[in-house]
Amino acid sequence: DGVTELSALLPAEGAALVKTVLDSLAAGKSSGETRTLDQRRADCFVDVFARSSLPEQHGHRPAIQVTVAASTLLGCDERPAELDGYGPITAQTARRIAADRTGTWRRILTDPTTSQVLEFGRKTYRPPQNLTDHVIARDKTCVFPHCRRPARHCELDHGDPWCTGGHTDADALHPLCTRHHHARHNAGWTVTRHPDGSYHWTSPTGHTHVVHPPDDS
């Protein structure tokens, strides 16, 4: 239904402060206003966080991420979009978000047959910004088995170590949270990325795990 619930267990004085601020922000009612007081409180609650100044991560100010097909934005179809950390949202909602002038567009073009996107070979160890953006958008979360930490809060790992000949390209990079990045390099875990986007992990004991790519359908 495109909505979700967020709750917090706070000290009494903290909860009172939050409610006082929301009540004050929502009190103003312009001519022709049709929203209820609770609806205005909800909108003000979101607006408080939208105005916050945050440190950058992977070269960007932290933000919500919506993945949507160009055909959907153009109104050619009604395919659902994907809201990172939530799940599918309607095409109408995606188009409304895309129309927000404060948003940032990142175009990712892929070959419809091979899905090949970017290639930077041995020219650089640190992935350029557009490659970083692509890997984060593609994998969405840490790709270690059963870990769901958002990719935007992870580190980018080279499947084949760059210092031993590995390349810096989309196929070689994947997001790992700090804990599992250390486990991969210091605890004996190995990983292979397959052409279908899945990751084949082998533990130090020889057990195998397969992490499948996100379902964007």
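1. A good place to start is the salt bridge between Arg184 and Asp157, whose closest N and O atoms are 2.4 Å apart. Please keep in mind that this is a predicted model. Arg184 sits in helix H6, which covers residues 178-186, while Asp157 belongs to strand S4, residues 155-158. The pair therefore ties together parts of the protein that are 27 residues apart in sequence. Are these two partners buried or exposed? Both Arg184 and Asp157 are buried.

2. Now for the wider picture. The protein has 217 residues, and 28% of them are buried. Its secondary structure comes to 6 helices and 8 strands. Read from the N terminus, the elements follow the order α-α-β-α-β-β-α-α-β-β-α-β-β-β. The chain thus described opens with two helices and ends with three strands, and the points below visit both ends.

3. How many salt bridges does a search of the whole structure find? The search gives 8. Behind such contacts is a simple idea: side chains of opposite charge can pair when their charged atoms come close. Another example for you to look up is Arg41 with Asp23, where the closest N and O atoms are 2.5 Å apart. Arg41 lies in helix H2 and Asp23 in helix H1, so this salt bridge links parts that are 18 residues apart in sequence.

4. The surroundings of that pair deserve a second look. Arg41 counts as partly exposed, because its relative accessibility is 21% and the partly exposed class lies between 20% and 50%. Asp23 is partly exposed as well, with a relative accessible area of 23%.

5. A further salt bridge joins the side chains of Glu33 and Arg35, at 2.9 Å from N to O. Arg35 has a relative accessibility of 32%, so Arg35 counts as partly exposed.

6. Helices H1 and H2 come up again on the surface. Leu17, Val21, Leu25, Val48 and Phe49 form a nonpolar patch there, and together they have about 450 Å² of accessible area. Two elements give two or more residues to this patch: helix H1, residues 12-27, and helix H2, residues 37-50. Which of them gives the most? That is H1, with 3 residues. One of the patch members, Val21, is found in helix H1. Val21 counts as partly exposed, because its relative accessibility is 37%.

7. If you turn to the cysteines, you may wonder how many disulfides a search of the whole structure finds. The result is 0. For background, a disulfide is a covalent bond between the sulfur atoms of two cysteines. Cys147 is in no disulfide, and its nearest cysteine sulfur, that of Cys142, is 3.7 Å away. The cut-off for a disulfide is 2.5 Å between the sulfur atoms, so a pair at 3.7 Å does not count. Cys147 is buried, with a relative accessible area of 12%.

8. Cys154 can be read alongside Cys147. Cys154 is in no disulfide either, and the nearest cysteine sulfur is again that of Cys142, at 4.8 Å. Cys154 is buried, with a relative accessible area of 3%.

9. Please follow the chain next to an open sheet of 3 strands, which run in the order S6-S7-S8 with antiparallel pairing. Which strands form its edges? They are strand S6, residues 190-193, and strand S8, residues 208-211, and each of these pairs on one side only. Neighbouring strands of the sheet are turned by 20° against each other on average, with direction ignored.

10. Within this sheet, strand S7, residues 199-202, pairs with S8 in the antiparallel sense over 4 bridges. Two bridge partners are easy to find in the viewer: His200 is matched by Val210 in S8, and Thr202 is matched by Thr208 in S8. S7 and S8 form a hairpin, with 5 residues between them. In the turn, Gly206 has a positive phi of about 95°.

Definitions and conventions:
Residues numbered from 1 in each chain as written. Predicted model: local features only at pLDDT ≥ 70, side-chain atom pairs only at ≥ 80, totals over all residues. Heavy atoms only, no water. Patch = residues over 30% accessible without salt bridge, like charges linked within 9 Å, V, L, I, M, F, W, Y side chains within 5 Å. Areas by Shrake-Rupley, 256 points an atom, 1.4 Å probe, with all protein chains shown as cover. Salt bridge = Lys/Arg side-chain N within 4 Å of Asp/Glu carboxyl O. Buried < 20%, exposed > 50% of the residue type's maximum accessible area, 1.4 Å probe, protein only. Pairing = 2+ DSSP bridges. Axes fitted to C-alpha atoms, helices over the stretch in contact; angles between N-to-C directions.
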